[in-house]
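Trainee: Could you show me how to read side-chain packing in a model like this one?

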Amino acid sequence: MSTKNHVNMPDNAVAVIGAGPAGLVAARYLIARGLMPIIFEASSRLGGQWNSASAASAIWPGMRTNTSRVMTAFSDLDHTSESAAYPRQEEMLDYLERYAFTLGLLPHLRLKTRVERLERADNGWLIRSAEDREVRSEVFQRVVVATGRQNLPDLPAVPGLDGFAGALGAVHTAQYNGSERYRGRKVLVAGCSISALEIASDIALGGAVQVVSSNRRQRYILPKVIAGVPTDHVMFSRAAVLMESVLPPDLLAEGLTTKVLKVAGSPDQFGAPRPEGNAFVAGISQSQGFLPAVAEGRIAVKPWIERVDGHTVWFRDGTSSNVDAILFGTGYRLSMPWLSEDIIRTIRLDSYGADLHDHTFHPDLPGLAFLGLFDLIGPAFPVLELQARWVAQCFASSQSLPARAAMLVGVERSRATRSGPINLPMHVAALTFARNAGVEPDLTIWPDLERALLFGPLSPISFRLQGPDLLPHAPAKTKAAAAAFGAITTDDFTAEEEGIRQLLKLHPVQTAA
């Protein structure tokens, strides 16, 4: 195996590790700031999770997005007019490849190039990478880690699982390859995440004899579409974030729970258990077909697994089921074994998160940024774009970086909130990064867009209205995004919206300039 000599890359070069959505949008904005990204991608094709041929992809045949086409896109490029409300995997891969071509990212790609080591160097960050039989050692002044959250399947410890005798075995849903394998079989799907519920529904409709869903706690479950409008347009709004500074947590929880029950009902109405506590306590998941399948008797819902005995799975309520297969939809753990021990120790990286200022920077790791490391609830693309814009601004000008004291406070805040898996709501993350980047729209400047900006979707284009990277056509496209699917088609506030609007006016929120 040949090794090239150690190379110091130009000062404007930025290493971007990963060519999924996060890495691509990071590269786009680095270029806009006059920097030169080099995108390292282990696979032979870009796309990250949406490249089903990648060894790290957990995509299954026929899989569609969990978020609408408006919210699963970047501000510079829409989906084609033929795309469904929820695009298929192959449509998403095509979208990302068109994005890379349109934004001039292809010359910056190093495909089939695996990063084997990232560590400090005397004058920057040393990256050792391998392409076929060639190894490179290069030093960059700046590095963006954009390898995604879904790194390693998280399998729970279940007594007796090693001795499970079902013919189709026990695997993580990352290995799910469609319902055909389970036709005529009895299947247990463990977990209450979106993927677990969607896969249970897929198997139930695909001809399985019996499907059992098991979870640690019953969550409230929202459909993907509410009265014809994608749920992510309804639930993840700017108003919902702003209200957090107005109302105490118990009233916010009560309001959210009431809204969920109004649009989706309670799981026990369909035959599943009743969630314990409000929506903040029980949590919220999403699936269009799960609860109807429960109501139809296609899926039986059980509490968590107590133990496995041969073909028999025993649950915590004392009941049992004989099954041929177990699928664990129990999420993922962070795994970046190529990070140096020094970096891991500094950010206190574990299986579920890291101590970082606003999920991005650490004051003791100058020139290093992490993109999309959080466990996000809701649409990812708008959040990734906003975070990428902030990182690009900071890397292009040291004056844009937060002060060290502010970053230390952010790291401590992150450390204080970590206790196992942490879920970050999309609308909270979006406004955090928008304020950091100075691109949150000022509602007083856009009276004709006030309803769309407060109660419409947090579309990527709505953050191109002002500040860096503004677009002349952003107002019209922001209004169109809010009106999509017949949601917000007029400027007239409903009575409920007007009440919230007036309450927010009484408690104005100070945001970044």
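Trainee: Which residues is F290 in contact with, leaving aside its neighbours within four places in sequence?

Mentor: With those neighbours left aside, F290 is in contact (heavy atoms within 4.5 Å) with L197, A200, S201, S213, I221, I299 and V301. This is a predicted model, where local features need pLDDT of at least 70 and side-chain atom pairs count only at pLDDT 80 or more, while totals for chains, interfaces and linings use all residues. Residues are numbered from 1 along each chain as its sequence is written, and side-chain values use heavy atoms, leaving out hydrogens and water.

Trainee: How many residues does the largest nonpolar core have?

Mentor: In soluble globular proteins, nonpolar side chains tend to be buried together. Here the largest nonpolar core (buried Ala, Val, Leu, Ile, Met, Phe, Trp, Tyr and Cys joined through side-chain atoms within 4.5 Å; buried is under 20% relative accessible area, 1.4 Å probe, protein chains only) has 101 residues. V144, I203, F290 and F395 have the most contacts inside it. Helix α11 (a DSSP run of H or I, at least four residues, numbered from the N terminus) gives the most to this core, 10 residues. Another core, of 26 residues, lies apart from it and includes A13 and L356.

Trainee: At what angle do α1 and α11 pack?

Mentor: Two packed helices are described by the angle and the distance between their axes. Helices α1 (residues 21–32) and α11 (residues 381–396) pack at about 40°, their axes 8 Å apart. They are therefore oblique to each other (neither under 35, over 145, nor 65 to 115 degrees). Their contact includes V25 and Y29 of α1 and L384 and F395 of α11.

Methods: Axes are lines fitted to C-alpha atoms, for helices over the stretch in contact, and angles run from 0 to 180 degrees between N-to-C directions. Helices (H or I, at least four residues) and strands (E, at least two) are DSSP runs, numbered from the N terminus. Buried means under 20% relative accessible area, exposed over 50%, partly exposed in between (1.4 Å probe, protein chains only).
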